[in-house]
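Reader: I would like to learn how to read strands and aromatic contacts from a set of coordinates, going slowly and with the reasoning spelled out. Where should we begin?

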Amino acid sequence: MEEKGSQSLEYFVKREVLDELCLDEVAQKGTWSTKPTLGDQVKDSLRCSVPRLKHILLTWIPVLSWLPRYSIRENALGDLISGCSVGIMHLPQGMAYALLASLRPVYGLYTSLFPVLVYFIFGTSRHISIGTFAVISIMVGSVTERLAPDSNFIVNGTNGTETVDIDTRDAYRVQVACALTVLAGLFQILLGVVRFGFVVTYLSEPLIRGYTTGSACHVCVSQLKYLFGVSPSRFTGPLSLVYTVLEICSLLPQTQVPELVVSLVALAVLIVVKEINDCYRQKLPLPIPIELIVVIAATVITHFCDLPSKYNIDVVGEIPSGLKAPSAPDTTFFSSVIGDAFAVAIVGFAINISLGKTFGLKYGYKVDSNQELVAVGLSNTIGGFFHCYCVTSSLSRSLVQESTGGKTQVAGVISSIIVLITVLKIGPLFEDLPKAVLSTIVFVNLKGMFKQFMDVPLLWKTNKVDLLVWLVTFISTVVLNLDMGLAVAIAFSMLTFIFRTQLPRYSILGNLPGTELYLDTDTYKEVKEIPGIKIFRSSATIYYTNAEMFLDTLFVNSFKISLKNISERTKGERNGTSVAFSMTETATDGLHKGQVNLAYQPDITMSDSDSDAGYDHITEFSGHGDEAKEQACDSGTHSIILDISTTSFVDTVTVKTLKNVYVCLLRSCVVEQLEAADFFSASIPKTRLFITVHDAVLYILKKRGKADFVV
C-alpha cells in the first residue's frame, strides 16, 4: 500500500522556458571565483604556522592522530588476539613466500617484521596486514633468478663434478632483491608525494583480478619442483611457463617419492582444516592455526626420523638467529631492475589500496590513496636496508586480522613482536623443515586467487568488455610472463577505454505523452518524436576522437537522406559554395535561410591543403539548388536538439561541432569552457543553450508558431 501511494504522488511546476542566459539572470550567476589564484596558492604553501605544521605532521604521520586517542578498553583485547593470530600466520607464510622470491626463508621473516612496523606509523588503513604476498614474491623471484641464475655460480666439485655455489648465489640474490625493493619503494614515495595516487584507477578490477589469477598460475608452477622433488631447468621470456610445465612433465619419472608423500599428506591436512575454518568461522573463537601446526609437526617428524639423510628430503637449512645489521643496497643494480621495480610498485600498491578501501568502506573511515603510496613506499625503502623484499597487503592475513577483532594497526605491532621473537630465539629450530611443506602452504593459499576464475561466467553475463580485459590480462600474464603481461594488459585496457569513447551509444529521443520526459525511441514504445524536431543524445563526451562519428550518426539519424547524392547533383549548380542544411535557425516559410556549420560535412570541393577556415563559413541555399532544397524539406526535420549532458569537457573540435544546433543540458563547467573558446556570438547567442530538452522543444515550437502543440 505504501509503495502504491508513493507512485501516485504528483507535482506541478509552472515557469518560463529557460535558456542559459535566462538562467544566469534568474539564478543570479556569480562572476566571482572562489578558487585561489596561483600566487595565493604558492603563498599559502610557503606560509608557516603552528596549526599548519601540526596539520602537516598529522597528514604525513597518521599514527600521531589516532594513537593518542587509542582506547585500551575498546581496542586492546581485540588487537591482542588479532595480532597473535596474524603473527602465527606470518611465520609459515613468510618462510614459504621467501622461496617464491628465490631467497632463503629467513628473509621472509625479516620481511614480515620491519615493513609492518613502518606501516604502523605511516599507514591509514586499520585492518590490512602488510608483509609477504605470493604475487609480489613471484615477481621478485623472476628478477632474482634472471640476474642471478644458477649457471653463473657453477664451481668445480671435489670429484671433478660441477656444483652450484649456493651461498654465493643466495647472497647475490639478496642484493638484487634489496635493490629492487628500495627502487620500487622510491617510485611509490615519489608518486605519493606528487599526489599521483589516482594512477591506480587506471588498473580496473578485472585487470587486477585477471593479473593476480595469471600470477597465481606462475606461483603454482614454480612450486611443483618442491612438490615432486625434481630440478627443472629455468626458462625466461615468453612461454616460459609452458616450457617449465613441459620440463616438469618430462622429469616426472624422476619424482622423489618421499617428498611427494610429505607434500600430499601436508596438503590434505591443510585443505581439510582450512575448510573446517571456513565452515565454522562463525562458531570458532579463533581460526585453527593449521599452517603453524603443520610446520611444527613436519619439523619435529623430519628431525627425529632423520628424513634428510635417509630419504634425501630437501629441507630449509640454516636459519641464523638474530638480526642482520642494516646495509645500503647496491645501486649498480638499479639500471637492470628499473622496469621491474616500477611494475612491482604499481601492482603492490594496486593490491594494497583495493584491499584497504574495501575495509575502509565497510567500517566507515577514509583510506588516503596518496598517503598509502608513501606508507608502502617507506615500508619497502626502509625494509630494503634491513634485507627485506617488496611487500603489500595479504588478503588471507587481512581477513584474519579483521575477523579476530583487530581494530587498529596495533595488531600489526603485536604480530611483529611474535615474528621478532621467532627470529631471535626460535628460528634455528625450523632448520629441518621440508621445503615441500612450505610449497603446500603456498598452494593452499592460492585458493582465493583461483576462485577468481568464477569471474568469467559472471562477467559474461554482466559486461563482456570487462570479460575481454580479464581474459587478455590473464592470457598475456601466463604466456608473456609477469612484466610483459602487465604492460600488455594496461595497454589493452586503455584501448578498450578509447574504443568505448569512440563508439558510444547514440539515441533519438521522443516525448512521453503528458510528461516533460524524453526517452530513447528504440527502448520505449510509448514515446513519440516531436514532428520536425530531432532530439539526439550521445552517451559519451564529444571530443576529437569521436566527433566525426558523432556527426555521421547525427546526419544518418536526423535527415534519413543521402548527403552524398545531393552534393553530386548540385555540384555543378552551386557557384563553388557548399550545400549546407540548417536544422535550427530556420525561417517560418521553410529552409530559405538555412544555415549550418561546415563541420557537419566535408566539402567535397575542397582539397587536402584547404585550411580549417571552412569551419566558420556559413552559407545559404543557392537559387540553383532547388532540388537539394526540396529533398531537405522532404526529410521533415527543421530543428535538431543535442542532449549532451554527459559531456564533461570540450575541445576545439567539439566547439566547432556544436555550432548551429540547439543545445541543452550542459554542465556549468562546460559552459565556461565554451565561453573561453569564444563559442557564443551574435549569431550563436546563449539563448541557443537550454537547461532541459523540454525547454528547447517548447522554444522551437513557439518560434515556429506551434506553441499550442501538445507535448
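Author: We will take one strand and its partners, and then turn to the aromatic rings. Please keep in mind throughout that this is a predicted model.

Reader: How many residues of strand S5 are buried, and what follows from that count?

Author: The general idea is that a residue counts as buried when its relative accessible area is under 20%. In strand S5, which runs over residues 506-511, 6 of the 6 residues are buried, so the strand is largely enclosed by the rest of the structure. The burial applies to both faces, with Tyr506, Ile508 and Gly510 on one side and Ser507, Leu509 and Asn511 on the other.

Reader: Which strands pair with S5, and in which sense?

Author: S5 pairs with strand S7, residues 533-538, in the antiparallel sense over 4 bridges, and Ser507 stands opposite Arg537 of S7. The pairing of S5 with strand S6, residues 518-520, is also antiparallel and comprises 3 bridges, with Leu509 standing opposite Asp520 in S6.

Reader: What should I notice in the hairpin of S5 and S6?

Author: There are 6 residues between the two strands of this hairpin, and Gly514 takes a positive phi near 85°.

Reader: Turning to the rings, how many aromatic pairs does a search of the whole structure find, and how is a single pair read?

Author: The search finds 12 aromatic pairs. One of them joins Tyr172 and Phe333, whose ring centres are 5.4 Å apart and whose planes stand at 80°, so the pair is edge-to-face, given that an angle over 60 degrees places a pair in that class. Tyr172 belongs to helix H10 (residues 166-193), whereas Phe333 lies in the loop between helices H15 (307-311) and H16 (334-363), so the contact ties together parts that are 161 residues apart in sequence. Tyr172 is partly exposed at 30% relative accessible area, while Phe333 counts as buried at 7%.

Reader: What geometry do Phe450 and Phe453 show?

Author: Their rings form a stacked pair, 6.3 Å centre to centre with 5° between the planes. Phe450 is partly exposed, with a relative accessible area of 27%, and Phe453 is likewise partly exposed, at 32%. Together with Trp470 and Phe474, these two residues form one aromatic cluster.

Reader: Where does the charged end of Lys464 sit?

Author: The charged end of Lys464 sits over the ring of Trp460, at 4.5 Å from the centre of that ring.

Methods. Residues numbered from 1 in each chain as written. Predicted model: local features only at pLDDT ≥ 70, side-chain atom pairs only at ≥ 80, totals over all residues. Heavy atoms only, no water. Buried < 20%, exposed > 50% of the residue type's maximum accessible area, 1.4 Å probe, protein only. Pairing = 2+ DSSP bridges. Phe/Tyr/Trp six-rings, centres within 6.5 Å; stacked < 30°, edge-to-face > 60°. Lys NZ or Arg CZ within 6 Å of the ring centre and 35° of its normal.
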